[in-house]
Amino acid sequence: MADSGVTDEPVSKEEIERAKSEGKELTKEEKQRLRKEKKHHKKNKEKKDDKASQESEKEKKPVSTDAPVSQPPSQPTTQKAPSPVPTPAPVPVPASEAAVAADKPAKSKAELKAERRARQEAERSSKQGKKGDVGQPAPTSKPKAPPSELQPVVKRLPEHIQADNPDVLRKLAKKLERQQIPLRSDYGYKVSLFSHLHQYSRKAPLTQLLSIPSTVIHPAIVRLGLQYSQGIVAGSNARSVALLHAFKQVIMDYTTPPKEELSRDLVNKLKPYISFLNQCRPLSASMGNAIKYIKKEISYISSQDKEKEAKTKLLNCIESYISDKIIIAAIAIAKYSIEKISEGDVILVYGCSSLVNHILCEAFEKGIKFHVIVVDSRPRLEGREALRRLVKKGISCTYVLISAVSYILPEVSKVFLGAHALLANGYVMSRVGTSQIALVAKAFNVPVLVCCETYKFCERVQTDSFVSNELDDPDDLIVTRKGKTQLEDWQQVKSLGLLNLVYDVTPPDFVDLVITELGMIPCTSVPVVLRVKNVDQ
Amino acid sequence: MMDEEELVEYFRAQLREDPDIASAVAAIRTLLEFLKRDKGETILGLRESLKWATACLTGVDSSVAVSSGGELFLRFITLTSLEHQDLSRCKKMMEERGELFLEKISMSRSKVAKLCHTFIKDGAKILTHSYSRVVLRVLEKAAAEKKRFSVYVTESQPDSAGRQMAEALRKLNVPVTVVLDAAVGYVLEKVDLVIIGAEGVVESGGIINKIGTYQMALCSKTHNKPFYVVAESFKFVRLYPLNQQDVPDKFKYKADTLKTVQNLSEEHPIIDYTPPSLITLLFTDLGVLTPSAVSDELIKLYL
């Protein structure tokens, strides 16, 4: 510990400066850090891994000194000597870990401590060359993802939207290596505005890099990952249900290893699966919520329960989640929506939303006479699937492409849209093109109704479609007409970039009504519902 | 046990005795009386008969406030129904809660007036629409605070209720001018703020009020004049109209019209719907709310 004292001073000074200029938030984290350091001190004295931890300290030092060095330029204020704020005792390993761990003030202290301990143990044991069986927290639950050490100011940046940050990539590679999951590489030239997102090619699925049979990943999950990356399973409800079914399979085949607790071990087993699925295709908000629910349910399993009972309990939980949040919610939403559909209505729908299709089919069965206009867009052309389903029922439909939407809107009486997620500030995240339709509908004074189950409500906040999105395979935009394939050699042209966005974000001013299973609410009341749900749980 | 005639007679008597109370308050008093005289044996039966009584009352006065008041009353008293096993004790609890509810809402108009009168500055010119007792109360309070202001009232056809409002204001010594409904756009440039009452406040934060309100709201939005709505909380109703057509017919026409006339398309509706984007603030006994906060309050009241 003695030799680390010299290098510790500048580190702590930088951190205190940072703390002062960032206000009160960090002082609490500093206190946590101090407490942690004290505990760590005690642990180090008790255990015999002192040397090992010092080694890891030294390794971490170059990484963590990078961090504070980049801080001073961004913080021109206060270069004073450390104030009455207690100078932290020589900062051991937690120096870097604190920056990482301290960036999640939202989590409860107990959770933070447990994570920190787990991470410390993992890093210590991996540095010693043991096989780490405790992975880092899953990157997919966005509030949990640790940002890179270079950006402690930005507290909640998830990994998947920092594709142009080499440090994050390095960390991700290390983590995937530890979990024995292949890293998927980006494909093609990315448009500069979106260079922070990953762009994968469908021709190179992750499963090609896996050995068959895979020892680390359950075959149901491998199959699911392939279905996601090839677009066989698409649509947020379908993906969530497929995920939950795959997890059911995993739980059924799971056996607790000796001397391990089911509640902790199963969660750790799920982490590499989730990383794998994330590599195949970034998780959606609904999937994120489902995973959070499952992890919570698993953690509630007491060690008293026998394995068989615990497994049946979990399987029932998953079944009831699917049934309550998806199936019954759809029935409730259909009931409310049918009140809004009147005789002789002309309803405009966009793309293929399973919920909206269900509502229209139910309304038709009730005997209401209405006409549907299906709007479609390249390259996915999902509207054709919706058209097929509606026509099969016998509903009279019209099909247009999105470029004709301003032509057809004067005839429309209502617009029904599905949603991928509803954000906490009232913005609606949905398939790209939705915000365009909402904008034009607003200009024509046509009411826009969004139908969304509450399990898709997300605590994230977003005001634009750039920050967090998904880039699909750019080769999808290549089209062959009359024997000629334009854009075939797009990679040869240096100044050409193909952008295939998947989602966009619609502001609440364009949406008149959101129909959920709790009732009809205005777009601005989403945080109220989130609050009521949290109270219920 | 009150039958339909007695119910209606009691309701009308309430309205006659005190012409100043809101029709919803009279309806709730009637429902309370009905509850006291009810001889039912089960809680479920009680709920059903109360619902039936509310339906009867909406048959007399079709305003949104009566139906919303009735529903809120039902919610308020049935929150206790699961606590006691004994029916008579339960009924006593319900009656007490009913009295409490009535007391609370009788105070609501003065609470609203207290909140709103501070927004009327000295020398202000106010525009209002038709006859609203809440707006009258607000202006009374402002006058009592020794503020000087003048009022423009629209005539509000087809029943010329605006003239009644003008009379009442003259009694308070407030300078008042009656204008034609068609002159709203003309007069708005002289006006500083617009205050109107509401018959019902809907889930989106919009309001349902006498026909001509939507027009006034559109004009004030264009002129950038603040558009204030004063309403008591029992007028909050679980409707969500998307546009004018979406408002149910039972609110659009007077009760007698609904019963007698065959072809409603020949009748002119007496209310319209004003969307929340045109409203600046709502003054209620729950506080001063923005239109988006109305849904929040409704969720608290109803869920």
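## Polar contacts across the interface

In this predicted model, 5 residue pairs are in polar contact across the interface of chain A and chain B, with both residues at pLDDT 80 or more. Strand S12 (519-521) and helix H16 (526-536) of chain A each supply at least two residues of the side that touches chain B. H16(A) gives the largest share of that side, 3 residues. What kinds of residue make up the side of chain A that touches chain B? They divide into 8 nonpolar, 2 polar and 4 charged.

## Extent and salt bridges

The size of an interface is often given as the accessible area lost when the parts come together. Here, about 1,100 Å² is buried between chain A and chain B. Carbon and sulfur atoms give 59% of that area. In terms of residues, 14 of chain A are in contact with 10 of chain B.

Charged side chains also link the two chains. The count between chain A and chain B is 2 salt bridges. A:Lys340 forms a salt bridge with B:Asp246. Their closest N and O atoms are 3.0 Å apart.

## The sheet that holds S12

Strand S12 of chain A also belongs to an open sheet of 7 strands. The order is S3-S2-S1-S4-S7-S11-S12, with mixed pairing. Strand S3 (396-401) and S12 of chain A stand at the edges. Each has a single partner strand, so one side of each is left without a neighbour in the sheet. From one strand to the next, the twist averages 25 degrees.

Strands of a sheet pair through backbone hydrogen bonds, either parallel or antiparallel. How do S11 (residues 513-516) and S12 of chain A run, parallel or antiparallel? They run antiparallel, joined by 3 bridges. A:Thr516 stands opposite A:Gly519 in S12(A).

Terms used. Residues are numbered from 1 along each chain as its sequence is written. Chains are lettered from A and ligands numbered from 1 in the order in which they are written. This is a predicted model: local features need pLDDT of at least 70, side-chain atom pairs count only at pLDDT 80 or more; totals for chains, interfaces and linings use all residues. Side-chain values use heavy atoms; hydrogens and water are left out. Contact means heavy atoms within 4.5 Å. Buried area is the accessible area (1.4 Å probe) that two parts lose on being put together, summed over both. A salt bridge is a side-chain nitrogen of Lys or Arg within 4 Å of a carboxyl oxygen of Asp or Glu. A polar contact is a pair of N or O atoms within 3.5 Å; within protein, one must be able to donate a hydrogen and the other to accept it, and residues adjacent in sequence count only if both atoms are side-chain atoms. Helices (H or I, at least four residues) and strands (E, at least two) are DSSP runs, numbered from the N terminus. Ala, Val, Leu, Ile, Met, Phe, Trp, Tyr, Cys and Pro count as nonpolar, Asp, Glu, Lys and Arg as charged, and the others, Gly among them, as polar. Two strands pair if DSSP finds at least two bridges between them. Axes are lines fitted to C-alpha atoms, for helices over the stretch in contact, and angles run from 0 to 180 degrees between N-to-C directions.
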